[in-house]
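Here is a short briefing on one protein–ligand model. Keep the sequence and the 3D view open while reading.

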Amino acid sequence: TSALPVYTLEEVTKHCSLDNGVWVTYKGEVYDITAFVAMHPGGDKILLAAGGSLEPYWALYAVHEQDHVFEILSEYKIGVL
Ligand code: HEM
């Protein structure tokens with residue numbers, strides 16, 4: 001069992017802008033990446049995934065399939081779906 005909170009997809013979809021916070025999901029886990037947006041090497045493209053799933057975008061931009069990228073993502077985990 002996990003101590004992390006469970007979020008609904010509806011809650012995730014509300015966090016789709018820098019004003020409301022930028023949340024994304026990946027493999028059933030929820031991340032608040034608001035603080036990372038300005039540091040993203042791929043710039044504002046990251047906002048395409050705001051409020052939704054990273055999978056379709058990371059399938060297109062395979063540069064993310066690296067340990068150092070997953071380490072960054074893990075820092076922003078806030079819960080599970
Ligand atoms: C590059 C992280 C979401 C598009 C990168 C790199 C990191 C990163 C660390 C540099 C990788 C390297 O060169 O070794 C993340 C994280 C994301 C995220 C943590 C989500 C939390 C996205 C999304 C898109 C995207 C959703 C597109 C819709 C790109 C592109 C690059 C890139 C195009 C290449 C930039 C370049 O080298 O010119 N990302 N990314 N990223 N990302 Fe993301």
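**Strand pairing, core and ligand shell**

S1 and S2 form a hairpin, joined through three residues. The model is a predicted one. Its scores are ipTM 0.95 and pTM 0.94. The protein chain has a mean pLDDT of 96, and 98% of its residues reach 70 or more.

**Sheet pairing**

- Strand S1 (residues 16–17) pairs with S2 in the antiparallel sense, over two bridges. Ser17 has Gly21 in S2 as its bridge partner.
- S2 and S3 also run antiparallel, and four bridges join them. Val24 is the bridge partner of Tyr31 in S3. Thr25 stands opposite Val30 in S3.
- S3 in turn is joined to strand S5 (residues 77–80) by three bridges, and this pair is antiparallel. Here Tyr31 stands opposite Lys77 in S5.
- S2 and S4 run parallel and are joined by two bridges. In this pair, Val24 has Gly52 in S4 as its bridge partner.
- Tyr31 thus appears in two pairings: with Val24 and with Lys77.
- Val24 likewise has a bridge partner in S3, Tyr31, and one in S4, Gly52.

**The S2–S3 turn**

- S2 and S3 form a hairpin with two residues between them.
- Lys27 is found in the loop between strand S2 (21–26) and strand S3 (29–32).
- What is the sign of phi at Lys27, positive or negative? Phi of Lys27 is positive, near 50°, in a residue other than glycine.
- Most residues other than glycine have a negative phi.
- Is Lys27 buried or exposed? Lys27 has 9 other C-beta atoms within 10 Å. The cut-off for exposed is 12 or fewer, so Lys27 counts as exposed.

**Nonpolar core**

- Which residues make up the largest nonpolar core? The nine are Val12, Val22, Trp23, Val24, Val30, Tyr31, Ile33, Ala49 and Ala50.
- S2 and S3 are the elements that give two or more residues to this core. S2 gives the most, with three residues.
- In soluble globular proteins, nonpolar side chains tend to be buried together.
- Val24 is one of the core residues. Neighbours within four places in sequence aside, Val24 is in contact with Tyr31, Ile33, Ala49, Ala50, Gly52 and Leu54.
- Among those contacts, Tyr31 and Gly52 are also bridge partners of Val24, in S3 and in S4.

**Ligand shell**

- How many residues surround the ligand? The shell has 19, and the closest are Pro41, Gly42, Lys45, Ala49 and Tyr57.
- By class, 14 residues of the shell are nonpolar, four are polar and one is charged.
- Helix H3 (residues 67–74) supplies the largest share of the shell, three residues.
- Ala49 links two topics: Ala49 belongs to the largest nonpolar core and is among the closest residues to the ligand.

**The loop after S3**

- Met39 is found in the loop between S3 and strand S4 (52–53).
- Met39 has 9 other C-beta atoms within 10 Å. With exposed set at 12 or fewer, Met39 is therefore exposed.
- Met39 and Thr13 are 26 residues apart in sequence. In space they are 22 Å apart, C-alpha to C-alpha.

Note on methods. Residues numbered from 1 in each chain as written. Predicted model: local features only at pLDDT ≥ 70, side-chain atom pairs only at ≥ 80, totals over all residues. Buried ≥ 20, exposed ≤ 12 C-beta atoms within 10 Å, placed from the backbone. Near = placed C-beta within 6 Å. Nonpolar A, V, L, I, M, F, W, Y, C, P; charged D, E, K, R; others polar. pLDDT = per-residue confidence, 0-100. Pairing = 2+ DSSP bridges. Core = buried A, V, L, I, M, F, W, Y, C linked by C-beta atoms within 7 Å. Contact = placed C-beta atoms within 7 Å.
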